[in-house]
Amino acid sequence: MEDYRQDNKQIKRHQLSLNDRKEAKISGVRDVRSFDDHEIILETDMGVLMIRGSDLHMGRLTLEKGEVDITGRVDSFIYSELKGYTKSGESFMKRLFK
């Protein structure tokens, strides 16, 4: 995956691939904000990505590489800015291992 620089900060290339509304492969992921069967919220290099659908599951999650695989029925992808969107100010892994 090719990296690039923005404002003197290394950014991973953000890509989203969806097959038959059932399988999504996403790169450029920084953090997982929250997830359940109906909604997954990811922090990406291009902003916060909200994925809505049903029977959503995260398969492969590799935050070191910034990659996530999602299966289930995908109904929508919604992007928003990173500013002002923090649940607790902590990463997913920190919240998981509290």
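Two strands are taken to pair if DSSP finds at least two bridges between them, and strands themselves are DSSP runs (E, at least two residues; helices are H or I, at least four), numbered from the N terminus. On that footing, strand S6 and strand S7 (residues 47–62) run antiparallel and are joined by 6 bridges. The model described here is predicted, so local features need pLDDT of at least 70 and side-chain atom pairs count only at pLDDT 80 or more, while totals for chains, interfaces and linings use all residues. Residues are numbered from 1 along each chain as its sequence is written, and side-chain values use heavy atoms, with hydrogens and water left out.

A good place to begin is the sheet as a whole. Its 6 strands follow the order S3-S4-S8-S7-S6-S5, and the sheet is open, with antiparallel pairing. Strand S3 (15–19) and S5 stand at the edges with a single partner strand each, so one side of each has no neighbour in the sheet. From one strand to the next, the twist averages 40 degrees (axes are lines fitted to C-alpha atoms, for helices over the stretch in contact, and angles between N-to-C directions run from 0 to 180 degrees).

Strand S6 rewards a closer look. Of the 6 residues of S6 (residues 39–44), 5 are buried, so this strand is largely enclosed by the rest of the structure. Here buried means under 20% relative accessible area, exposed means over 50%, and partly exposed lies in between (1.4 Å probe, protein chains only). Strand S5 (residues 29–35) pairs with S6 in the antiparallel sense over 5 bridges, and the two form a hairpin with 3 residues between them. Within this pairing, Asp31 has Glu43 as its bridge partner in S6, and Phe35 has Ile40. Towards S7, S6 is connected by a hairpin through 2 residues, and Ile41 finds its bridge partner in Met50 of S7.

Elsewhere in the sheet, S3 and strand S4 (residues 23–27) run antiparallel and share 5 bridges; one of the residue pairs is Leu16 with Ile26 of S4. The hairpin of S3 and S4 has 3 residues between the strands, and in it Asp20 takes a positive phi near 55 degrees. S4 is also joined to strand S8 (residues 67–80) by 5 bridges, again antiparallel, with Thr71 of S8 as the bridge partner of Glu23.

The largest nonpolar core has 12 residues, among them Ala24, Ile26, Val32, Leu42, Ile51 and Ile70. Such a core is a set of buried Ala, Val, Leu, Ile, Met, Phe, Trp, Tyr and Cys residues joined through side-chain atoms within 4.5 Å. S4, S5, S6, S7 and S8 are the elements that give two or more residues to this core. Leaving aside neighbours within four places in sequence, Leu42 is in contact (heavy atoms within 4.5 Å) with residues including Ile26, Val29, Val32, Leu49, Ile51 and Ile70.

His14 offers a polar setting to explore. This residue lies in the loop between strand S2 (9–12) and S3, and at 16% relative accessibility His14 counts as buried. His14 and Ser27 are 13 residues apart in sequence, yet their C-alpha atoms are 5.2 Å apart. A polar atom of the His14 side chain lies 2.8 Å from the backbone oxygen of Ser27. The side chains of His14 and Tyr79 are joined by a polar contact of 2.7 Å. A polar contact is a pair of N or O atoms within 3.5 Å; within protein, one must be able to donate a hydrogen and the other to accept it, and residues adjacent in sequence count only if both atoms are side-chain atoms.
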